[in-house]
Amino acid sequence: MRVVSGIQPTGKPHLGNYLGAIRNYVKLQDDAHAAGGECLIFIADLHALSMPHDPADLRASTLELVATLVACGLNPDKAILFNQAQVPLHTELQWLLNGTARMGWLNRMTQWKDKAGKNREGQSVALFTYPVLQAADVLLYQATHVPVGEDQKQHLELARDIAQKFNNDFGTEDTPIFTLPQPIIPAEAARIMSLRDGTAKMSKSDPSDMSRINLSDDADTMAQKIKKAKTDPEPLPSEEAGLADRPEARNLVGIYAALSGQSAADVLREYGGQGFGGFKPALADLLVARLGPIRDRFVALKDDSEALDAILARGAAKARERGKPTLDAAYRALGLVRH
Ligand code: TYM
């Protein structure tokens, strides 16, 4: 069992990242450890270059993200925690995979279409080739399990297509070069939506801070954001079907379900018939109970840049070691001469 996943250091990590992905990193870190496997979680700082960025912010948010991941329960003694920039094998493998990935495949990526909008010509080449680097990130380590939110599913399918084609073109049946990775997407909370618009994803890049719960928010801020979250005037339905055309209500019920470890149907059994005046305070209390301790640990860790840098350096050294055999095999398979 090889668990591999990444998270970008742009903006502040939020509830969507936590419920969609980070919570599963922690669970799979323990599962992998128990099974004698390994878990590699990295900060995707190279992916952050695909959009305009401020170099000083990038360094600060990279360290803050390490503190967040540890605060959420990643244990640097159990999992390998690092940033891509310290492991050049990722970009080396990306170049090797550029020969296999097809323009048409990248053109179909919904994230590319959404982010580029009508201005494709003005985007960075990095935004277009982003999914090839993401494929390299997981294929480099022979990942078997990749915990992600729903929005990354298509990128993982692309990684599988690239691996399959590379294996067909350059491997042999007995010795495939790459393992086909399996996305691990949570049943509840695979796609947490904005608190201001139930049809838009909760996102680090949303200009409105009220649209998301940041993992670094204090209890009052979290409660305020839930209180102000957009809703409709109807009481909650008693069954899930009643949420179909109510995206904001469905999102808040989904968040409650994911945080309490229940299904949406269970939550509606308890709160069906009640208005948001009763449900929102219950949700805010639950959020604070679950995220408060994470925030406290984050605050205690975030300013110790020496300790955070040391975690990354130690993780990067291990990651370079783990990735080398696969990178060497890919070079060999392609007929590239290296002595
Ligand atoms: P990123 O940084 O946007 O998000 C990190 C993780 O959080 C999940 N996520 C969500 N889940 C539920 N609801 C939401 N609103 C929400 N927003 C984000 C994402 O699905 C992701 O799992 N390209 C990736 C980073 C990456 C990566 C990789 C991931 C680079 N290389 C290799 C997996 C494997 C990204 O930008 O995630």
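Cys72 is buried, with a relative accessible area of 9%. Keep in mind that this is a predicted model. Cys72 takes part in no disulfide, and the cysteine sulfur nearest to its own belongs to Cys39, 13 Å away. Seen from the other end, Cys39 can't bond either, because the closest cysteine sulfur, in Cys72, is too far off at 13 Å. For scale, a disulfide calls for sulfur atoms within 2.5 Å. The tally for the structure is 0 disulfides. Cys39 is buried too, at 2% relative accessibility.

Here are the two cysteines next to each other:

| Cysteine | Relative accessible area | Nearest cysteine sulfur |
|---|---|---|
| Cys39 | 2%, buried | Cys72, 13 Å |
| Cys72 | 9%, buried | Cys39, 13 Å |

Now for the strands. E1 covers residues 2-7 and E2 covers residues 38-43, and the two pair up in the parallel sense over 6 bridges. One of the partnerships joins Arg2 to Glu38 of E2. What sort of unit do E1, H1 and E2 make? Together with helix H1 (residues 15-34), the two strands build a β-α-β unit, and a right-handed one.

Further along the chain there's a helix pair to look at. H8 (residues 219-228) packs with H11 (residues 276-301), their axes 9 Å apart and at an angle of about 150°. Angles over 145 degrees count as roughly antiparallel, so that's the label for H8 and H11. As for handedness, H8 passes H11 in a right-handed crossing.

Terms used. Residues numbered from 1 in each chain as written. Predicted model: local features only at pLDDT ≥ 70, side-chain atom pairs only at ≥ 80, totals over all residues. Heavy atoms only, no water. Pairing = 2+ DSSP bridges. Helix = DSSP H or I, 4+ residues; strand = E, 2+ residues; numbered from the N terminus. Right-handed = clockwise from strand over helix to strand, strands pointing away. Buried < 20%, exposed > 50% of the residue type's maximum accessible area, 1.4 Å probe, protein only. Axes fitted to C-alpha atoms, helices over the stretch in contact; angles between N-to-C directions. Parallel < 35°, antiparallel > 145°, perpendicular 65-115°, else oblique. Left-handed = near helix turned anticlockwise from the far one by under 90°.
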